[in-house]
Amino acid sequence: MTTLKSDFLKIMTERGFMHQCSDLESLDKLAADNRVVAYVGYDCTAPSLHVGSLLSIMMLSWLQKCGGKPIALMGGGTTRVGDPSGKDETRQLRSIDEIEKNKNGMKQVFAKFLAFGDGGTDALMVDNAEWLAPLNYIEFLRDVGRHFSVNRMLTMDSAKLRLDREQELSFIEFNYMLLQAYDYVELARRYGCNLQMGGSDQWGNIVTGIDLGRRMGLKEQLLALTCPLLTTASGAKMGKTAAGAVWLNEQQLSAYDYWQFWRNTEDADVPRFLKLFTVLPIDEIGKLSALGGAEINEAKKVLATEATALVHGREKAEAAAATARKTFEQGTLASDLPTVEISRADLDAGLGVLTAFVKAGLVASNGEARRQIQGGGLKVNDEAVASDKAVLKSSDAAAGGVIKLSLGKKKHVLLKPV
């Protein structure tokens with residue numbers, strides 16, 4: 001193993017970000033000389049990024065802290081095509097207006113992790129629609145397409161896995177690989193970009209961009225660095241819950257629910273997640289990771305608060321921790337629990353308990369609510385719901401005029417009549 005000289009790659013290695021690198025020695029030398037300009041691409045498929053994107057955002061953040069220049073590439077152009085990587089079916093094509101709206105929503109999170117500006121190490125935010133949208137198709141095929149072998153493209157995971165499962169791969173998706181490779185070349189020409197980072201599922205696309213740069217006459221060597229695709233200790237996909245994706249924007253997921261996501265981390269994942277999703281010093285992480293038995297819960301609270309502070313700010317992270325403490329440890333009703341408004345008229349008429357839990361977002365359907373009731377999993381004002389025929393009335397509103405609904409011990413929502 002090469003003895004690393006650069007702070008950036010030392011951090012990538014000791015904190016668990018390192019998975020694959022095209023030329024470790026060359027990248028280490030560039031990083032030691034503060035000459036790395038690196039980008040990660042984010043397609044605009046939703047109004048917010050989610051926890052699955054956080055790993056690469058942290059890589060960009062650490063790069064900047066270590067003297068490199070990060071580029072957040074917004075996929076205003078590539079989103080019009082759709083990345084087939086890891087998908088069994090064609091992505092839904094989105095309108096230009098929807099892509100633009102999603103892009104503006106996604107931008108919110110980057111300022112929490114990166115310092116933007118005109119300085120040498122200040123971050124840039126660029127949209128690949130700038131060069132992809134005006135492309136002339138014939139010229140693109142002649143200048144870029146001629147460097148691609150269809151035989152080799154069919155061996156790439158993004159295409160091969162779809163075809164092996166006998167799932168349709170559209171021609172427009174097949175072109176995605178060319179566009180991503182061309183992004184790398186354009187960023188190298190325009191901004192001196194010499195490193196593309198991303199998840200390990202993007203390795204094939206990234207090295208294709210490196211090869212395209214060489215074929216199109218770029219003089220500087222382009223490099224690749226990928227992080228592992230995370231799953232939890234139990235094998236679940238990172239960033240997915242029964243309720244859906246764990247969004248980074250507060251409009252899609254409250255700071256409290258985000259805190260709770262990290263608080264519910266499996267015991268075996270705590271050391272790894274502290275390294276990846278907080279900026280706590282390694283020696284402090286070591287002490288927290290050594291906690292055993294019930295004490296591991298204290299490490300989980302630190303993880304939840306530190307991870308939430310990065311995305312939502314220290315004040316909201318501490319408030320979420322305080323809310324959880326009141327709710328779970330002191331047994332009091334915390335007024336800043338997630339709140340859902342309901343019609344007072346509906347409540348006066350008698351609101352079915354199944355409907356109430358669905359409205360609160362604690363269950364996805366009446367059927368799921370019934371199954372939870374059978375297992376004793378649903379509570380109203382801390383009392384177990386005994387029947388799926390139960391109804392809520394205004395008299396159920398506790399002090400403060402709200403009704404507390406609970407799913408298990410850790411998920412709570414307040415119903416507020418209006």
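**Contacts, helix packing and local environments in the predicted model**

Leaving aside residues up to four places away in sequence, proline 47 touches Asn102, Gly105, Met106, Asn249 and Gln252. This proline belongs to the loop between β2 and α3, and in the predicted model examined here proline 47 is partly exposed, its relative accessible area being 37%. A further relation across the sequence is seen with glutamine 251, which is 204 residues apart from proline 47 along the chain, while the C-alpha atoms of the two residues are 9.3 Å apart in space.

The setting for this loop is a protein chain with 20 helices and 15 strands. Of the 418 residues in the protein chain, 49% are buried, and the chain exposes about 19,500 Å², of which carbon and sulfur atoms supply 50%. When contacts between residues at least 6 apart in sequence are considered, 73% of them join residues at least 24 apart.

Towards the start of the chain, helix α1 spans residues 7-14 and includes lysine 10. Lysine 10 is partly exposed, with a relative accessible area of 39%, and, when residues up to four places away in sequence are not counted, it touches Leu4 and Lys5. Between lysine 10 and aspartate 28 there are 9.1 Å from C-alpha to C-alpha, the two residues being 18 apart in sequence. Helix α1 also packs with helix α3, which comprises residues 54-65, at an angle of about 145° and with the two axes 9 Å apart; the crossing of α1 with α3 is right-handed. In this contact, Phe8, Ile11 and Met12 of α1 meet Met59, Trp62 and Leu63 of α3, and the residues involved comprise six nonpolar, no polar and no charged.

Asparagine 34 is placed in the loop that runs between α2 (24-32) and β2 (37-43). Its phi angle is near 55°, a positive value in a residue other than glycine. Asparagine 34 is partly exposed, with a relative accessible area of 47%.

A second helix pair is formed by α11, covering residues 176-191, and α12, covering residues 203-215, whose axes are 8 Å apart and which pack at an angle of about 60°. The two helices α11 and α12 are therefore oblique to each other, and their crossing is right-handed. On the side of α11 the contact involves Tyr176, Met177, Gln180, Ala181, Tyr182, Tyr184 and Val185, which meet Asn205, Ile206, Thr208, Gly209, Ile210, Leu212 and Gly213 of α12. Sorted by class, the contact of α11 with α12 contains nine nonpolar and five polar residues, with no charged residues. Tyrosine 176, which is placed in helix α11, counts as buried because its relative accessibility is 6%, a value below the cut-off of 20% under which a residue is taken as buried. The C-alpha atom of tyrosine 176 is separated by 9.3 Å from that of threonine 79, although the two residues are 97 apart along the chain.

Helix α13, made up of residues 255-263, is mostly covered, in that eight of its nine residues are buried. These buried residues are Ala255, Tyr256, Tyr258, Trp259, Gln260, Phe261, Trp262 and Arg263. The axis of α13 comes within 8 Å of the axis of helix α16, which consists of residues 296-312, and the two axes cross at roughly 140°. Helices α13 and α16 are therefore oblique to each other, and their crossing is right-handed. From α13, the residues Ala255, Tyr258, Trp259, Trp262 and Arg263 meet Asn297, Lys300, Lys301, Leu303, Ala304, Thr305, Ala307, Thr308, Val311 and His312 of α16. By class, the residues of the contact of α13 with α16 divide into eight nonpolar, four polar and three charged. An α-helix has 3.6 residues a turn, so residues three or four places apart point the same way. The contacting residues on α13 include Ala255, Tyr258, Trp259 and Trp262, and these four residues are also among the buried residues of α13.

Notes. Residues are numbered from 1 along each chain as its sequence is written. This is a predicted model: local features need pLDDT of at least 70, side-chain atom pairs count only at pLDDT 80 or more; totals for chains, interfaces and linings use all residues. Side-chain values use heavy atoms; hydrogens and water are left out. Buried means under 20% relative accessible area, exposed over 50%, partly exposed in between (1.4 Å probe, protein chains only). Contact means heavy atoms within 4.5 Å. Accessible areas come from the Shrake-Rupley method with a 1.4 Å probe; for residues, only the protein chains shown count as cover. Axes are lines fitted to C-alpha atoms, for helices over the stretch in contact, and angles run from 0 to 180 degrees between N-to-C directions. Angles under 35 degrees count as roughly parallel, over 145 as roughly antiparallel, 65 to 115 as roughly perpendicular and the rest as oblique. A crossing is left-handed if the near helix is turned anticlockwise from the far one by less than a right angle, and right-handed if clockwise. Ala, Val, Leu, Ile, Met, Phe, Trp, Tyr, Cys and Pro count as nonpolar, Asp, Glu, Lys and Arg as charged, and the others, Gly among them, as polar.
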